[in-house]
Amino acid sequence: MTYIAKPRLHHPTLTKNKVGYTRRDYEGRISTLCAGCGHDSISAAIVQACWELDIEPHRVAKLSGIGCSSKTPDYFLGASHGFNTVHGRMPSVLTGANLANRSLLYLGVSGDGDSASIGLGQFAHAMRRGVRMAYIVENNGVYGLTKGQFSATADLGSKSKKGVVNHDSPVDLVGMALQLGATYVARSFSGDKEQLVPLIKGAMAHGGAAFIDVISPCVTFNNHGGSTKSYDYVRQHNEAVSRIDFITPGQEITASYAPGAVIAVTNHDGSILRLRKLAADYDPTDRLGAMDRMQREAAHGELLTGLLYIDPLATDLHTALNTAAAPLNTLGPDTLCPGSATLAKINAALR
């Protein structure tokens, strides 16, 4: 339970990363989610990714909304900055924090209810404005906190635990992210740590709006026959278009993948995403091609996973607004209030 603190003492033989932290140092409180919940696997992947990236926990700002998924930031990066906002409003709060202090790494955690229903407009504007963040949606297709009603991402024709059929078309957050201009778009499965960890690492290092939709089965309300977001269904209908190998500057991380072409994409921080194409005709830098491939596979009941799209030349909201290089929260009164003469000059230029 979250009121039970994890022990602070670690075994002296635990491996430390370059900044002196063990993997345990990136954990949070004990999870209160149902045993076997896919969300806990995502939390573990975030912990692993940040540890491997040698990120100091206090450099991360994690924000969330409301829902089972939005509880999870309490379970990882306990020494980071955290803000649990109101339902669906995480993107706007994160945008404000990002504008005030661009020196932090921003991690937004949300759910299919939080982002695809009440927060749909917030999600859309964060994507189109290019707010630099890793936006992770833990997608299980149900409202777990209110006993398993269909969420907006539930697939047409899927069945609830009680046998009710969903007659509404789903909101496809990945398709929307592609249309709205996100420059890093991926989909993964909570049960595929080998794929998910490098996807999160790539998103954290990306220079623009990075979005990852993670199918995360709800073991209590949506892990039965008839559900399209159960463990069995995703494992049987998962088609990966790429496998990622994330390489930090100066040190290569190797991995063994199936034979195929390799595309190297350099991030703003000098790190490299090495993509090995499993689908011979797939190009992760083709936005329209990604949208078309997703629709074609969805028509056959297949879930396309992997890094679906990336723009190697991505920019963010600070670039568009031409903000100061220094974080705004570090600027003094003289800089923020240059005086009446400067204001008069600006007003004259607008006439």
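These are my notebook entries on a predicted model of one protein chain.

**Entry 1: confidence**

I started with the scores of this predicted model. The chain averages a pLDDT of 90, and 94% of the residues reach at least 70. I then looked for a weak stretch and found residues 252–260, where pLDDT stays under 50. For that stretch the model has 17 contacts beyond four places in sequence.

**Entry 2: helix 5**

Next I went to helix 5, residues 120–129. Which of its residues are buried? I noted Phe123, Ala124, Ala126 and Met127. Looking down the axis of helix 5, I see the buried residues fall within an arc of 165 degrees, so they line one face of the helix.

What do those buried residues pack against? My list has three helices and two strands to click through: helix 3 (90–100), helix 4 (112–116) and helix 6 (173–180), plus strand 4 (133–139) and strand 8 (209–215).

I also checked Gly121, which lies in helix 5. Gly121 is partly exposed, with a relative accessible area of 41%; the cut-off for buried is under 20% and for exposed over 50%. From Gly121 I took a C-alpha distance to Leu173, 52 residues apart along the chain, and got 12 Å.

Just after helix 5 comes Gly130, for which I read a positive phi of about 70 degrees.

**Entry 3: helix 6**

Since helix 6 is among the packing partners of helix 5's buried residues, I looked up Gly175, which has its place in helix 6. Buried or exposed? Gly175 is buried, at a relative accessible area of 15%. I paired Gly175 with Cys34, 141 residues apart in sequence, and their C-alpha atoms sit 30 Å apart in space.

**Entry 4: positive phi away from glycine**

I went on to positive phi values in residues other than glycine and wrote down Asp54 and Leu77.

Asp54 has phi near 60 degrees. I found Asp54 in the loop between helix 1 and strand 1 (60–64).

Leu77 has phi near 50 degrees. Its loop runs between helix 2 (68–71) and strand 2 (81–84). How accessible is Leu77? I have 0% relative accessibility, so Leu77 counts as buried.

**Entry 5: Ser43 in helix 1**

Helix 1 covers residues 38–52, and Ser43 lies in it. I have Ser43 as buried, with a relative accessible area of 5%. Which residues does Ser43 touch, leaving out those up to four places away in sequence? I get Thr72, Tyr75 and Phe76.

I also ran a long-range check from Ser43 to Gly289, 246 residues apart along the chain. Their C-alpha atoms are separated by 31 Å.

**Entry 6: Leu288 in helix 9**

Helix 9 takes in residues 287–299, and Leu288 has its place there. Is Leu288 buried or exposed? Leu288 is exposed, with a relative accessible area of 65%. I picked Tyr309 as a partner for a distance: 21 residues apart along the chain, with 9.4 Å between the C-alpha atoms of the pair.

**Entry 7: the cavity**

Last, I looked for enclosed space. Rolling a probe the size of a water molecule over the atoms shows where empty space is left. How many cavities of 30 Å³ or more does the structure hold? I count 1. The largest cavity has about 80 Å³ of space.

The lining of the largest cavity comes to 15 residues, and I marked the ones closest to its centre: Gly141, Phe150, Ala154, Ser158 and Asn222. Sorted by type, the lining divides into 8 polar, 4 nonpolar and 3 charged residues.

How values were computed
Residues numbered from 1 in each chain as written. Predicted model: local features only at pLDDT ≥ 70, side-chain atom pairs only at ≥ 80, totals over all residues. Heavy atoms only, no water. Buried < 20%, exposed > 50% of the residue type's maximum accessible area, 1.4 Å probe, protein only. Helix = DSSP H or I, 4+ residues; strand = E, 2+ residues; numbered from the N terminus. Arc of directions from axis to C-beta. Contact = heavy atoms within 4.5 Å. 1 Å grid on protein atoms, 1.4 Å probe; cavity = no way out; pocket = protein on both sides within 12 Å on 5 of 7 lines; lining within 4 Å. Points joined across faces, edges and corners; volume = space filled by probe spheres on them. Nonpolar A, V, L, I, M, F, W, Y, C, P; charged D, E, K, R; others polar. pLDDT = per-residue confidence, 0-100.
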